[in-house]
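Me: Could you take a close look with me at one part of this model? I would like to understand how two of the domains sit against each other.

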Amino acid sequence: MKTNRWIIVGGGTAGWIAASALAHQYRNQAVSITLVESSEIGTVGVGEAVIPPFITFIRNLGLDEQQFIAAVGGTFKLGIEFKNWRRQHHSYFHHFGDLGRPLNGNDFYHCFLHAGRAGDCGDLMDYAPSAVMARQHRFFLPFKLAPDSGLNGANYALHFDASRVAAELRRFACDAGVKRVDAKVERVLTDDAGTIQTLQLSTGEQLDGDYFIDCSGFRSLLLGQTLNIPYDDWSDLLPCNSAAAVQSEHTGDTPPYTTASAQDAGWIWRIPLQHRMGNGYVFSNDYISDDEACASLLAQLTGKPLHDPRILRFTTGMRQQLWAKNCIALGLAGGFLEPLESTAIHLVTRGVQFLLQLLPTVATTETQCQALAAEYNQRMRADYEEIRDFLVLHYCLTERDDSPFWRYVRDMPLPASLKHRLALFDASGQLPPENDELFRKPSWQAVLHGMGRRPAHYHPAVDQLDAAQVNQALNAARQQMANACQQLPTHNEFIQQFCATP
Ligand code: FAD
């Protein structure tokens, strides 16, 4: 039997995620997996916050979670605090995990609105265990929480040092048999049908392969430059096209969440790691210059900068196909939607997951490969579009009127899918059914509610519940959670005890 030959171009986060997942899938089988990366070109070097499915990815590889967190300088992330998005001096939280519990089979959000008619029942986030922990800067692994704490529905992700993650996954992949080549790909050779055959490297070496994974970053060397797959540009919906990124000293307490603070022409991220803070101003250079963005970023740092800010450029959108011929693009080579909800690395692991489900081999015919590619492209496009709509939601509901950037995003035409979702919510508080969607109802509810949107009516079935009784039950539940949370270690204490970088 012929051996499958996989070639991965690029050794950033995407390349090493692909290499480790493929190596794990093929353990004990005769395949050859080669990863080419160029230390001369380097990696994008940002991408330091993820969402909960990344934890599953790490576990599925068989890696020890706490050792991994220690190795990558990681901290825990229970959600994102959005400051000044709805209006200046307003903030809201998008949590991970559950948001309340259904009452008599009724969606919690509808019960919350109903209970509000009978008196104060606090903030929506008082009912999201992750948000309750985040507010108090406390952390404990949800599956180890006492069943009666009310906090079990919490979920979490990570903040980490991207270069250390690539190094950890590289070690894992190389131990599992992946061959690493440090060289520049200088030419990509295809056959007459456009199928990629061979990479010519700067070392003079030639690499022949059956399947090629393009993880070459924004260059998109194989899918974009070689196969000429066009790019769907979504800048009219997500107009930010630049970022100024800088690392700074981190002192004091470590919040278990990312902060996204809206600015005149975009927003600033703050990502706390064990050994430093990651910061960046994501902006549109139609509305602010690079120098102004850097100055604004530096002025808002909480610790000393560790280097000068670095400017990155991008165009939000995706390639029309992410799998074409025998080439699959992962990471920035396939598209980028801006880092507002930290979804880019998730899209890499999602792409890998679908690839491993569809897994072509050397015996797959061209027609069969086309069928697999069509399925893959459909699934990935659905994910990209869902995430695009969710990101647009953060902008389009703003009440801000204080800069041309905010006026643009407030008034921009919306995609039909998002318009439908908003109309449905406005009319009834309902959201479309979840079909393998990344952002479940509680996420949409958190952002819609946080941005001040309220439905005209909640579901009429909820009226059968006595509002005063529901109000009482809700207030008791949030008090119980807040009290239980006070018994937990602080986030800093938890890290020191279980996963401090040696
Ligand atoms: P890169 O890191 O650019 O790697 C490309 C690789 O290809 C490198 O190894 C390079 O050497 C190699 N290469 C290129 N050309 C050649 C060649 N000719 N020959 C050989 N090798 C070559 N994602 C998140 O999930 N969370 C975040 O918080 C987040 N924040 C972000 C903030 C910004 C401003 C940006 C721009 C992105 C952010 N991302 C985030 C996205 C995240 O950084 C990327 O998805 C992730 O790092 C994967 O990048 P990559 O591996 O595709 O590309």
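How many Å apart do the C-alpha centres of domain 2 and domain 3 lie?

Reply: Happy to walk through it with you, bearing in mind that this is a predicted model. The C-alpha centres of those two domains are 28 Å apart. As for where they fall along the chain, domain 2 is assembled from two segments, 75–159 and 415–491, while domain 3 covers 242–313. Where they touch, domain 2 contributes 17 residues and domain 3 contributes 14 residues.

Let's stay on the domain 2 side of that contact. Strand 3 (75–77), strand 4 (79–83) and helix 5 (129–135) each provide at least two of the residues there. Strand 4 gives the largest share, with 5 residues. By residue type, the side of domain 2 that touches domain 3 holds 8 nonpolar, 6 polar and 3 charged residues.

For context, the remaining domain in the assignment is domain 1, made of 4–48, 161–234 and 316–383. The model also has an open sheet of 6 strands, ordered 7-2-1-11-20-19 with mixed pairing. Its edges are strand 7 (179–182) and strand 19 (323–324); each has a single partner strand, so one side of each lacks a neighbour in the sheet. Further in, strand 1 (residues 4–9) runs parallel to strand 11 (residues 211–214), and the two are joined by 4 bridges. If you want a spot to zoom in on, tryptophan 6 has tyrosine 211 of strand 11 as its bridge partner.

Methods:
Residues numbered from 1 in each chain as written. Predicted model: local features only at pLDDT ≥ 70, side-chain atom pairs only at ≥ 80, totals over all residues. Domains from an automatic or database assignment. Contact = placed C-beta atoms within 7 Å. Nonpolar A, V, L, I, M, F, W, Y, C, P; charged D, E, K, R; others polar. Pairing = 2+ DSSP bridges.
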